[in-house]
Amino acid sequence: TFTKYENNPVLTSEARDFRDPKVFWYESTKRWIMVLAVGQEMQIFSSPNLKDWTFESRFGEGQGAHGGVWECPDLFELPVEGTNDKKWVLLCNLNPGGPFGGSATQYFTGDFDGMKFSCDSQPNVTKWLDWGKDHYATVCFSNTGERTIAVPWMSNWQYCNIVPTKQFRSANALPRELSLYTQDGEIYLSAAPVLEIKTLRKEKKEIPAFTVANDYHIDSLLADNDGAYE
């Protein structure tokens, strides 16, 4: 049963693009944190009760890619592989401005103190979560314990409205588990398909090693296969 809160909306703005709230509990300050996409920046608010919100900070000016509107933020903490450190990750989807045109997901790594997010990288560094054209609006599940699992939209605003389908427009991509690693002194975010997708496998066929000279044909891979295989 839901009862509409009489004082809605709890937060308003004069900004043209003021949307996509991601809310989570921050234990250190005992407050709820809300990250909002506002134009070409992310704004952070805090609240003790989810009703009364205080503006804390903004992030974005001079940071990363700004080819379009910033959308669908997410903010979470992850351990850095091979170290005892943890870092915060700010997901930032934007459209247009992706590395190959249209929409895409960039991210920033740094620190968060309950009020302000500080990026570790130089302002001119842009990190893309995926270099394909069909990876956008990436957001993470809540309450997944030690795992951080994200799901992106498998399409691009360049052509999503004209894809040859009926009843739906595109789909979500496979869920992926996120982790942090270090390379050449910079921290990056990796995204690997969740292990649970292995339960979808039904049969396996092993093909012996072979050498290709000009071409090599495999006439039948899996008998009666419906077209989905790995």
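**Note on the predicted model**

1. Pro96 sits in the loop between strand S6 (86–95) and strand S7 (104–112). The bond that leads into Pro96 deserves a look. Asn95 and Pro96 are joined by a cis peptide bond, with omega at about -10 degrees. Please keep in mind throughout that this is a predicted model.

2. There is another cis bond to check, at Pro9. The peptide bond running from Asn8 to Pro9 is cis, and omega is near -5 degrees. Pro9 belongs to the segment before S1.

3. Next comes the sheet that includes S1. Four strands make up an open sheet, and their order is S1-S2-S3-S4. The pairing is antiparallel. Which strands stand at the edges? They are strand S1 (18–26) and strand S4 (54–59). Each has a single partner strand, so one side of each is left without a neighbour in the sheet. From one strand to the next, the twist averages 25 degrees.

4. The S1 edge can be followed residue by residue. S1 and strand S2 (residues 31–38) run antiparallel, joined by seven bridges. To find the pairing in the view, start from Val23. Its opposite residue in S2 is Met34.

5. The loop between S1 and S2 holds Lys30. What is unusual in the backbone there? Lys30 is not a glycine, yet its phi is positive, at about 55 degrees. Is Lys30 buried, exposed or partly exposed? Its relative accessible area is 49%, and Lys30 is partly exposed. The cut-off for exposed is over 50%, so the 49% of Lys30 does not meet it.

6. Strand S11 (residues 149–153) is a good place to look at burial. Why is S11 described as largely enclosed by the rest of the structure? Five of its five residues are buried, so the description follows. Both faces of S11 are covered. On one side, Ile149, Val151 and Trp153 are buried. On the other side, Ala150 and Pro152 are buried.

7. S11 also has strand partners. Strand S10 (residues 136–140) runs antiparallel to S11, and three bridges join them. Strand S12 (residues 176–183) pairs with S11 in the antiparallel sense, over two bridges. Ala150 is a useful marker for both pairings. Cys140 stands opposite Ala150. In S12, the bridge partner of Ala150 is Arg176.

8. The loop between S11 and S12 contains Gln167. Gln167 has a positive phi of about 75 degrees, although it is not a glycine. How accessible is Gln167? Its relative accessibility is 83%, so Gln167 counts as exposed. By contrast, the five residues of S11 are buried.

9. The last point concerns the surface. Which residues form the nonpolar patch? They are Ile207, Phe210, Val212, Tyr216, Ile218, Leu221 and Tyr229. Together they have about 670 Å² of accessible area.

10. Take Phe210 as one member of that patch. Phe210 lies in the segment after strand S13 (186–193). Its relative accessibility is 38%, so Phe210 counts as partly exposed. A patch residue needs over 30% relative accessible area, and the 38% of Phe210 meets that cut-off.

Conventions. Residues numbered from 1 in each chain as written. Predicted model: local features only at pLDDT ≥ 70, side-chain atom pairs only at ≥ 80, totals over all residues. Heavy atoms only, no water. Patch = residues over 30% accessible without salt bridge, like charges linked within 9 Å, V, L, I, M, F, W, Y side chains within 5 Å. Areas by Shrake-Rupley, 256 points an atom, 1.4 Å probe, with all protein chains shown as cover. Salt bridge = Lys/Arg side-chain N within 4 Å of Asp/Glu carboxyl O. Buried < 20%, exposed > 50% of the residue type's maximum accessible area, 1.4 Å probe, protein only. Pairing = 2+ DSSP bridges. Axes fitted to C-alpha atoms, helices over the stretch in contact; angles between N-to-C directions.
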